[in-house]
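Some labels given to residues and contacts rest on cut-offs, and it helps to see how each label is reached. Please look through the model with that in mind.

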Amino acid sequence: MTMKNDFLKFKELKDYYWAYSDILRDIGINESTYDQRIMAFMALKLLIDNNKMKFNFEFRHNFGLSKALYQKYKGKDTKETFLNIVKDIENLGKPSNLHYFYQDSKYNPDLSENILTYLNHYKTFELERYVLELPNKHLENVLDIYTYQADFTNYPKEEYKDLYEKTISRMKKLSGDLTGQHFTQKSIIHLMCELGIQGIKDNEKLAIYDPTSGTGSMLMESADYFLKHTKVKEIELYGQEMHGQTWLLSKIFLEIVGYKNIIAYGNTLTNPAFADGINGNDSFDFIIANPPFGVDWKHNYDEVVENMQSFDSNFFVVRDKKGKVVTPKKSDGQFLFMMHIINLMQKENQRGKRATAGIITSSTLISTGSDTSSEAKIRKAIFEKGYVSAVLEQPSAMFTNTDITSHIWFLDTKVTDKIKIVKADTKEEELFISHPNPKDKMKHAYSKENIKKLKRYLTNKTDKPYISKSVNTNRYGINITQEIGFRDESEELSIDALFEELDTLMKGMCDEYQKNGLFGL
């Protein structure tokens with residue numbers, strides 16, 4: 001593949017994925033690993049185009065380096081020069097333009113506090129290895145592709161939270177390994193925030209936490225929402241992510257957008273970075289989460305149980321009548337994330353600070369298992385804690401790549417003895433719409449009007465037949481569809497009307513019989 005200078009006059013954001021994929025295919029790289037390489041160069045280019053680095057990809061112009069630096073890194077060809085740059089990448093940022101790219105190493109994949117280190121690290125992107133595998137001419141083509149087809153110079157900051165999804169949606173066509181990616185659409189996040197506003201609407205400063213933060217899209221979207229709809233002037237974002245590549249991308253996106261943040265690398269269930277709140281001194285105002293559904297945690301079982309048995313556990317601990325710790329089934333860790341969040345909210349409450357949370361779960365979490373099952377015992381303890389203010393049963397097809405139904409649990413440290421349950425998929429009133437941009441099985445969404453109505457039903461003490469209902473907390477589970485039910489249209493037909501209709505039918509039959517010639521025989 002050759003690119004002539006005549007075609008490189010204008011930079012713009014094009015579909016660069018395919019161009020790099022062609023090169024990877026040409027040198028025999030397995031398709032299942034394309035995403036690692038494509039994303040690694042994109043991560044670096046995002047920083048370059050936002051003026052965070054001292055160099056760029058324009059190898060024909062000394063990589064944008066000063067004369068002194070270029071001489072320091074210059075090799076026999078483009079590949080050797082670029083390798084020298086990559087090896088020293090942690091020292092090539094522009095300090096004045098990097099605001100949140102240093103954080104305590106306890107939050108990072110390794111000992112370095114400098115986030116730039118992880119642009120070339122075995123736990124995130126092995127950029128050096130990706131360069132080594134490319135012949136010199138192929139590397140030059142890749143650098144050209146990212147210079148002129150992946151230009152983010154004027155990319156809108158409000159769209160960075162969607163960039164990873166857009167990238168993945170293209171690349172998943174190259175690898176079956178990516179088809180399991182599910183993204184939380186904005187309208188769901190807006191609804192979760194709208195219910196959380198009540199507890200923080202008068203705050204000037206706000207701390208938001210996501211225990212499974214991914215690339216930070218839910219954190220960024222919720223921060224944007226609160227800035228627009230509350231008096232909040234200052235927002236700090238906190239999260240934890242166990243996948244190195246998405247952790248690094250979240251740090252890059254948040255750095256570019258400009259939100260103050262600490263995003264910890266690691267497993268929230270076994271090593272929660274914020275088990276004691278923010279550095280043990282302050283607490284979170286709002287927690288938002290979409291934990292993975294059906295993820296096996298049996299390999300962490302011993303560690304989790306040991307923590308639950310400790311004096312100061314990182315979880316909301318549930319014990320049976322014999323005092324034994326109750327754990328959810330090993331095939332699904334959703335409850336563990338909820339128990340982690342409730343534990344945080346307990347500590348926040350002890351600090352005298354109100355906190356709210358929105359957690360997305362599978363539709364089975366709230367009702368599966370008999371009354372003697374571990375899930376039922378955990379649910380009962382959670383309900384009786386009084387933090388669950390409401391639960392919404394969502395319509396199907398609200399996420400990409402799956403048409404499953406789901407629930408949103410709304411938590412509040414303001415204790416209640418009633419739980420408001422709401423069913424969005426009802427014939428009584430329009431509480432969701434067709435998604436304006438349906439894709440990958442995601443067909444439904446919430447309009448602004450839907451969110452207003454749902455908030456009213458989720459917070460109003462008065463029940464609405466076939467839409468909302470208040471239930472007691474002293475229970476082992478809730479079947480929302482069964483509790484709320486559907487209107488039986490036959491109920492609308494009165495007894496008088498039924499007899500009138502029957503009388504008319506009988507008269508018609510008699511008239512027809514009398515007209516029949518056999519009647520006089």
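The questions below concern a predicted model and the reasons behind some of its labels.

Q: Why is Thr167 called buried or exposed?
A: Thr167, which is found in helix α7 (residues 160-171), has a relative accessible area of 0%, and since buried means under 20%, Thr167 is called buried.

Q: What makes the contact between Thr167 and the backbone oxygen of Leu163 a polar contact?
A: The side chain of Thr167 reaches the backbone oxygen of Leu163 at 2.8 Å, and a polar contact is a pair of N or O atoms within 3.5 Å, one able to donate a hydrogen and the other to accept it.

Q: How do you know that Lys161 and Asp224 form a salt bridge?
A: Their side chains meet at 2.6 Å, N to O, and the cut-off for a Lys nitrogen and an Asp carboxyl oxygen is within 4 Å, so the pair counts as a salt bridge. Lys161 lies in helix α7 and Asp224 in helix α9 (residues 217-229), so the salt bridge ties together parts that are 63 residues apart in sequence.

Q: Why are Lys161 and Asp224 each called buried or exposed?
A: Lys161 has 8% relative accessibility and Asp224 has a relative accessible area of 17%; because buried means under 20%, Lys161 counts as buried, and Asp224 is buried too.

Q: What makes Glu483, which meets Arg475 in a salt bridge, buried, partly exposed or exposed?
A: Glu483 has 25% relative accessibility, and because buried means under 20% and exposed over 50%, Glu483 counts as partly exposed.

Key
Residues numbered from 1 in each chain as written. Predicted model: local features only at pLDDT ≥ 70, side-chain atom pairs only at ≥ 80, totals over all residues. Heavy atoms only, no water. Helix = DSSP H or I, 4+ residues; strand = E, 2+ residues; numbered from the N terminus. Buried < 20%, exposed > 50% of the residue type's maximum accessible area, 1.4 Å probe, protein only.
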